[in-house]
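User: Hi! I have just opened my first structure and would like to work through it step by step. Could you help me?

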Amino acid sequence: MKKSYMANLRRKKKIQDIAANILLFIIVIFTVFPIVWMFISSLMTQNDITAGKLTDITHWENYIEMWQNINFFKYFKNSLIICSITTIIALCIATFAGYSIARFRFPGAGLFGTAVLSTQMIPGIMFLLPLFMMFTKIQKSIGISIVNTYHGIIITYSAFFIPFSIWILRGFFASIPKELEEAAQIDGCSPFGAFFRIILPLSSTGIIATGIYIFLMAWDELLFAWVLATTPDVATIPVGIRLYVGNYQNRYDLLMAAGVVSTIPILIMFFSLQKKFISGITAGAVKG
Amino acid sequence: MKIETANSKKVVKKTKKLNTLKSEIKKNKFAYKLVLPAIIAMIIIHFIPMIQGIYMSFLKLNQFTLNQFLKAPFVGLENYYTVLFDKSSTMRSGFLDALRNTIIYAVLVNLLVLVFGMISALLVNRKFKFRGLARTLLLTPWVVPSYVVGMLWGFMWQQDTGIINRILVDWLHILPNKPFWISGPNTLWAIIIPTVWRSTPFVMIMLLAGLQNIPEDYYEAAEIDGAKSVQKFRHITLPLLRPIIAVNLLHGMITHIYSFNIVAMMFGHGAGFPGKWGDLLMTNINRNSFGIWQLGTGAAATVVVMIIVLTIVAIWYKVFKDDLVVEE
């Protein structure tokens, strides 16, 4: 009696497991399909795409055409430069500030924390025009051009991603025991030395995760780029695609090739650092 | 006499407080030095432009007065009237359409993302052969830039040549005729589905991290008491994941109300109009502000949206106050 009950239970569990696997398989197919389709259609000719002929997927020349005809390399390079420098600047400033509010109970710390969070509730479009006007005014009165320059967009992006990064990093620094720095300071380290030698290495996972996050957000940004970086010399990929679409309407083969190429850097970055990134981002967010 | 001493006591107390504050500030010089760059950046890029933006909503700011910027004629609440109440203005009907679409969009996307995120997290939290591969594959949509998501799905939704209609109608014969996806009432679904597709992985990682933090003993104890899987989920998993769900709910709500990239790229790659059924608040405001230069009403509409978001944040805080983990 008991034996058959256990056998029943085991069989039931097995059936449940198979059902779960099938469900997972279906979800994975739906998840991956659009990406696979983007890659496949980037290797088809425009005529085959409209005719629905899926047998000929060898047209690698689409990539060459995209690279040469639409200046994609330039946009790609701009995006890489802007996003990398933004990541470095925003990460440095956010690391200092995040450490400060995680460690010190200084007067105004609470207000600063609230200000950091409240910036996340402002829609970007609210300060897009005032920012643009401020930049053109500086250009007119002092003569330093900011609109349509690398430094203009880098300054904007850096400031843009600082608050969120502060909030993630604060969680990491708070989880490191305070005694470590105190011990270092007793041994003769300055506060800054203790921060630099003890805290930074210990929180490297969190800092790398935050850095990847900033890079992803900057790579993804287009509202500000459409206004602040409109000339081909500084245009990022989304701006470039928009410039390009006007001339080559409905060349979906080329557009999908552009899509694949804009995804690849993030793909490489993400999957080479996946473990660090996931453990970092979840630790910070689950706690905070 | 008595009153005097009481008063002087108060004064002494006050100066004492002031002195401790001063010494506190002095003691924390290092801390202030560390936050200073962030404060400067936030003031210049966030707060000054935000105040100017709010002020803009009270000005008659359009293509003719753009050069005057903040010195444009002051019109009080007229812009708000145009956006919210003036029945003859096209601005109002467009804004209200966008508002309706955005509310449906944000709520549905949030719910669907949580449901799919939870299902996926539960599925890959089991032990099985290709677990690592399955987790990696489920994360991939998150790596695709949102402007590529918009472009890609806009391409897939094409009525005649798009792959989705080809699969549904030509290959599987689920539908008799090819429906229009990116025009007409279906548009809302055509923007909800890609957003869900893109946003689910992030929520899945968060929930998965939460699931892994739940001690195995809880489930074993429940099993001994004869709990079924559904009961275990309802009485152990869900309550323990509540804080994570709460944070993701708020983050999702803000992100999706302010959603722009996917929709902007899906229709004409940034140049088009998503139509009455697919226009969202941010694409609507962006088009009115930078397409036809109605910046005053655009700013007013933005302020209205911001007030809505702040209300949602306040409600969220009331509901989930007890779930927020207090550190230290």
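**Two helices and beyond**

User: At what angle do the axes of helix 4 and helix 7 of chain A cross?
Analyst: Glad to help, and please keep in mind that this is a predicted model. Helix 4 of chain A covers residues 72-103, and helix 7 of chain A covers residues 150-174. Their axes come within 6 Å and cross at roughly 35°.

User: Which class of residue, nonpolar, polar or charged, has what count in the contact of helix 4 with helix 7 of chain A?
Analyst: The crossing of these two helices of chain A is right-handed. The residues of their contact divide into two charged, five polar and 22 nonpolar.

User: Is A:N148 buried, partly exposed or exposed?
Analyst: A:N148 sits in the loop between helix 6 (124-141) and helix 7 of chain A. Its phi is positive, about 60°, although it is not a glycine. A residue needs 20 or more C-beta neighbours within 10 Å to be buried, and 12 or fewer to be exposed. A:N148 has 18 inside 10 Å, so it counts as partly exposed.

User: And B:H173: buried or exposed?
Analyst: B:H173 lies in the loop between helix 7 (163-171) and helix 8 (187-213) of chain B. B:H173 is not a glycine either, yet it has a positive phi of about 55°. The cut-off for an exposed residue is 12 or fewer other C-beta atoms within 10 Å. Because B:H173 has 8, it is exposed.

User: How many residues does each chain bring to the contact between chain A and chain B?
Analyst: Let's take the two sides in turn. Chain B brings 71 residues, and chain A brings 73.

User: Which helix gives the largest share of the side of chain A that touches chain B?
Analyst: By class, that side has 57 nonpolar, 13 polar and three charged residues. Its largest share is 12 residues, and they come from helix 1 (residues 2-41) of chain A.

User: Which residues of chain A is B:A38 in contact with, leaving aside its neighbours within four places in sequence?
Analyst: Start with the largest nonpolar core, which has 157 residues. B:A38 is among the members that touch the most others, along with A:I93, A:A94, A:A97, A:I162 and B:L207. Leaving aside its neighbours within four places in sequence, B:A38 is in contact with A:I93, A:A94, A:A97, A:I162 and A:I166.

User: How far apart are the centres of domain 1 and domain 2 of chain A?
Analyst: The domain assignment gives domain 1 as 2-41 and domain 2 as 66-287. Taken over C-alpha atoms, their centres are separated by 38 Å.

Key
Residues are numbered from 1 along each chain as its sequence is written. Chains are lettered from A and ligands numbered from 1 in the order in which they are written. This is a predicted model: local features need pLDDT of at least 70, side-chain atom pairs count only at pLDDT 80 or more; totals for chains, interfaces and linings use all residues. A nonpolar core is a set of buried Ala, Val, Leu, Ile, Met, Phe, Trp, Tyr and Cys residues joined through C-beta atoms within 7 Å. Two residues are in contact if their C-beta atoms, placed from the backbone, lie within 7 Å. Domain bounds come from an automatic or database domain assignment. Axes are lines fitted to C-alpha atoms, for helices over the stretch in contact, and angles run from 0 to 180 degrees between N-to-C directions. Helices (H or I, at least four residues) and strands (E, at least two) are DSSP runs, numbered from the N terminus. A crossing is left-handed if the near helix is turned anticlockwise from the far one by less than a right angle, and right-handed if clockwise. Ala, Val, Leu, Ile, Met, Phe, Trp, Tyr, Cys and Pro count as nonpolar, Asp, Glu, Lys and Arg as charged, and the others, Gly among them, as polar.
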